[in-house]
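Here are my notes on the model you sent round. Please read them with the structure open, point by point.

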Amino acid sequence: GSLAAIDLIERDPGIVDRLRDNTTRFRQGITAAGFSVLEGNHPIVPVMLGEAAIAQQMSRQLLSAGIYVKGLWYPVVPKGEARLRVQISAAHHPDDIDESVACFTRVGQELRVIN
């Protein structure tokens, strides 16, 4: 698997730039919407929600909207630090990123996580 990944990057070096651009686009969009994320430049974006029940409900509602995102809560993370673990990909189109931010925003407002 590692050799295949290296081969892919060697054949298409722009893949790294697309991943970086998609990650930045999602991080900026999700924070502008009012969500809190853990800082970093990596394509795994933890969207912090605090309560396990909220993370579970939001994960279910996002899945119903076509967005698969994994929720993490105690005992996987400390109590009070429940989150959704968003994995950004170079294969995502900018429209996919924008649509996911819009879905997060709509569901976040419905659950009163954001205004």
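**Notes on the fold, helix H2 and its charged residues**

1. The chain holds four helices and four strands. From the N terminus on, their order is α-α-β-β-α-β-β-α. Keep in mind that this is a predicted model.

2. Overall dimensions next. The C-alpha trace spans about 45 × 30 × 25 Å along its principal axes. The chain has 115 residues, and 33% of them count as buried. Take the contacts between residues at least 6 apart in sequence: 60% of these join residues at least 24 apart.

3. Now look at H2. This helix covers residues 14–32. H2 has 19 residues, and 27 Å separates its first C-alpha from its last. That is close to the 27 Å expected at 1.5 Å a residue. Just after H2 comes glycine 34, with a positive phi of about 110°.

4. Which residues of H2 are buried? They are Ile15, Asn22, Thr23, Phe26, Arg27 and Ile30. These residues cover an arc of only 125° around the axis, so they sit on the same side of H2. The general rule helps here: an α-helix has 3.6 residues a turn, so residues three or four places apart point the same way.

5. What do the buried residues of H2 pack against? Two helices are on the list: H1 (2–11) and H4. The strands are E1 (36–37), E2 (44–50) and E4 (82–87).

6. Turn to the other side of H2. Asp21, Gln28 and Ala32 are exposed there. Aspartate 21 has a relative accessibility of 52%, which is why it counts as exposed; the cut-off is over 50%. Its C-alpha atom is 9.9 Å from that of proline 43, a residue 22 places away along the chain.

7. Arginine 27 deserves a check. It lies in H2. It is buried yet has no salt bridge. How far away is the nearest side chain of opposite charge? That side chain belongs to glutamate 39, and the distance is 5.7 Å. A salt bridge needs the nitrogen and oxygen within 4 Å, so glutamate 39 at 5.7 Å does not qualify.

8. What does the side chain of arginine 27 reach instead? It reaches the backbone oxygen of isoleucine 44 at 3.5 Å. Arginine 27 also has a list of contacts, not counting residues up to four places away in sequence. Val37, Leu38, Glu39 and Gly40 are among them. So are His42, Ile44, Val45 and Pro46.

9. The structure holds five salt bridges. One of them joins the side chains of aspartate 12 and arginine 18, at 2.7 Å from N to O. Aspartate 12 is partly exposed, with a relative accessible area of 29%. Arginine 18 is partly exposed too, at 35%.

10. Another salt bridge pairs aspartate 98 with arginine 25, with the closest N and O atoms 2.8 Å apart. Aspartate 98 is in helix H4 (residues 94–110) and arginine 25 is in H2, so this pair ties together parts that are 73 residues apart in sequence. Aspartate 98 counts as partly exposed, at 36% relative accessibility. Arginine 25 is also partly exposed, at 36%.

11. Glutamate 81 and arginine 83 form a salt bridge as well, and their closest N and O atoms are 3.4 Å apart. Is each partner buried or partly exposed? Glutamate 81 is partly exposed, with a relative accessible area of 34%. Arginine 83 counts as buried, at 12% relative accessibility.

12. Two backbone features to inspect. The peptide bond from tyrosine 74 to proline 75 is cis, with omega near 15°. Proline 75 lies in the loop between strand E3 (70–72) and E4. Arginine 112 has phi near 60°, a positive value in a residue other than glycine. It is in the segment after H4. Arginine 112 counts as exposed, at 75% relative accessibility.

Key. Residues numbered from 1 in each chain as written. Predicted model: local features only at pLDDT ≥ 70, side-chain atom pairs only at ≥ 80, totals over all residues. Heavy atoms only, no water. Buried < 20%, exposed > 50% of the residue type's maximum accessible area, 1.4 Å probe, protein only. Lys, Arg positive; Asp, Glu negative; His and termini not counted. Polar contact = N/O pair within 3.5 Å; in protein donor to acceptor, adjacent residues only side chain to side chain. Contact = heavy atoms within 4.5 Å. Expected span 1.5 Å × (residues − 1). Arc of directions from axis to C-beta.
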